[in-house]
Amino acid sequence: MLQAHESALTTAARGMAPLAAAHATAAEERRRLHPEVAEALTDAGFPHHFAPGLPGRSPGTFAELVEAVAVLGEECASAAWVASVTASAGRMTAHLPPEGRAAVWEKGPGTVVVAGLMPAGTAERVPGGWRVRGEWAYVSGVDFADWTLVAARTREADHPTVRVLAVPRADHAVVDAWSVVGMRGTGSHTVVLEDVVVPDERSVPLASVLRGDAEGASAPCHRAPLKAGNGLTLAAPLLGAARGALRRWRELTAAKLASPGGAISGGPDPGPYEQALARAEGELDAVGLLLGRAAGVVDRGAVSGLETARNARDCALAAERLAGVVDGLLRTAGTRGQAEAEPLQRHWRDVNCGAGHSGLQWAPAASAYARLAGGPRG
């Protein structure tokens, strides 16, 4: 994705990338980011990138976020994932009533918000607010969060509906339940609420978040439907990890790429490696352009239903292609690339794990796009 000038967020991401790389192995072992990396993410500006109403700053853009997250993802996909999803959760707080936004961001840009938007809990109406109960799995970065947004099922005007509620860290428990093959360092543990009362000002219908109709908001990022930008925050870490995989693959296969080949020299034929390199670089360039277009649509504002569906389609397609790229790189890197301590296989696991996220699945995204685009055409 091309930008005229590197953003401050991308510059900050480059600055902290060596720290994330240094702690990547430990993050996998601990199944959460190192505290220094989590602090660096906050200092870099990821959690408050889209924050509403912070004094002296305007909300950032999706183009800036995607490029910065991808830069970080080249070194540690888990750090990039947490950076991206905390930015996304911070954006959603714009949909809360003004009093709720002020409460969440009271301590300023050092605030970290995470989210569990699967409606896994229930909310019961009580005077002045909602009594919330439930368990929300896969809440990335929760160990370092100040606030968590949760989605809960309820009834309003005798109709079933879902509300999003902002809950401070002191009001919920965290259950260590994250043990998967990739993205191990994201600390995507389970949040548990037991009879917590959330006041009205810290609650909003999920439908408002999905539509992107934040009250009083003017920034394009706060007026965009959730599905127009959500895929970008999930695909950007994978783009970075795939770029990191290619860089490491080139190091592992450098001698084979440089081999003169042929029967006389006895060296390996460089042809297959040249083709693998060209294909991988081309695929990554194509994905970068695809995500860049999607980011541009959201940053422009006034996103149509068809554009929202196309963005979701393109992000799902990007995830599919990125998984294909790292699959090919791992297969052609040789046995060394599959060693337990080898960064290439870590990138491969991270990309495939991230591509399995429900927000990046091809079938529903393709169907939603095709229905709006008019289905089969002659």
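**Close-up 1. The largest pocket holds about 1,400 Å³ of space.** Keep in mind that this is a predicted model. A set of 49 residues lines the largest pocket, and Asn230, Leu234, His357, Ser358 and Gly359 are the ones nearest its centre. If you want to start looking somewhere, those five names are good landmarks for the middle of the largest pocket.

**Close-up 2. Helices and strands both help to line the largest pocket.** At least two lining residues come from each of these: helix 5 (77-92), strand 1 (113-126), strand 2 (129-139), helix 7 (206-211), helix 9, helix 13, helix 14 (343-355) and helix 15 (362-373). Which element gives the most to this lining? That would be strand 1, with 7 residues. Sorted by class, the lining of the largest pocket has 31 nonpolar, 16 polar and 2 charged residues.

**Close-up 3. Helix 9 and helix 13 pack against each other.** You've met both of these helices already, as suppliers of residues to the largest pocket. To describe two packed helices, you give the angle between their axes and the distance between those axes. Here the axes of helix 9 (residues 226-252) and helix 13 (residues 305-332) come within 9 Å and cross at roughly 20°. That's why the two helices, helix 9 and helix 13, count as roughly parallel to each other. As for handedness, the crossing of helix 9 past helix 13 is left-handed.

**Close-up 4. Side by side, helix 9 and helix 13 meet through a long list of residues.** On the helix 9 side, look for Lys227, Ala228, Gly231, Leu232, Ala235, Leu238, Leu239, Ala242, Ala245, Leu246 and Trp249. Facing them from helix 13 are Thr308, Asn311, Ala312, Cys315, Ala319, Leu322, Val326, Leu329 and Thr332. What classes do the residues of this contact fall into? The split is 15 nonpolar, 4 polar and 1 charged.

**Close-up 5. The largest cavity holds about 40 Å³ of space.** The model has 1 cavity of 30 Å³ or more. Ala24, Ala27, Glu28, Cys76, Ala77, Ser78, Gly185, Arg346 and Asp350 make up the lining of the largest cavity. Helix 2 (24-30), helix 5 and helix 14 are the elements that give two or more residues to that lining. Helix 2 has the largest share, with 3 residues. By class, you'll find 4 nonpolar, 2 polar and 3 charged residues around the largest cavity. Helix 5 and helix 14 may sound familiar: they also supply residues to the lining of the largest pocket.

Key:
Residues numbered from 1 in each chain as written. Predicted model: local features only at pLDDT ≥ 70, side-chain atom pairs only at ≥ 80, totals over all residues. Heavy atoms only, no water. Axes fitted to C-alpha atoms, helices over the stretch in contact; angles between N-to-C directions. Helix = DSSP H or I, 4+ residues; strand = E, 2+ residues; numbered from the N terminus. Parallel < 35°, antiparallel > 145°, perpendicular 65-115°, else oblique. Left-handed = near helix turned anticlockwise from the far one by under 90°. Contact = heavy atoms within 4.5 Å. Nonpolar A, V, L, I, M, F, W, Y, C, P; charged D, E, K, R; others polar. 1 Å grid on protein atoms, 1.4 Å probe; cavity = no way out; pocket = protein on both sides within 12 Å on 5 of 7 lines; lining within 4 Å. Points joined across faces, edges and corners; volume = space filled by probe spheres on them.
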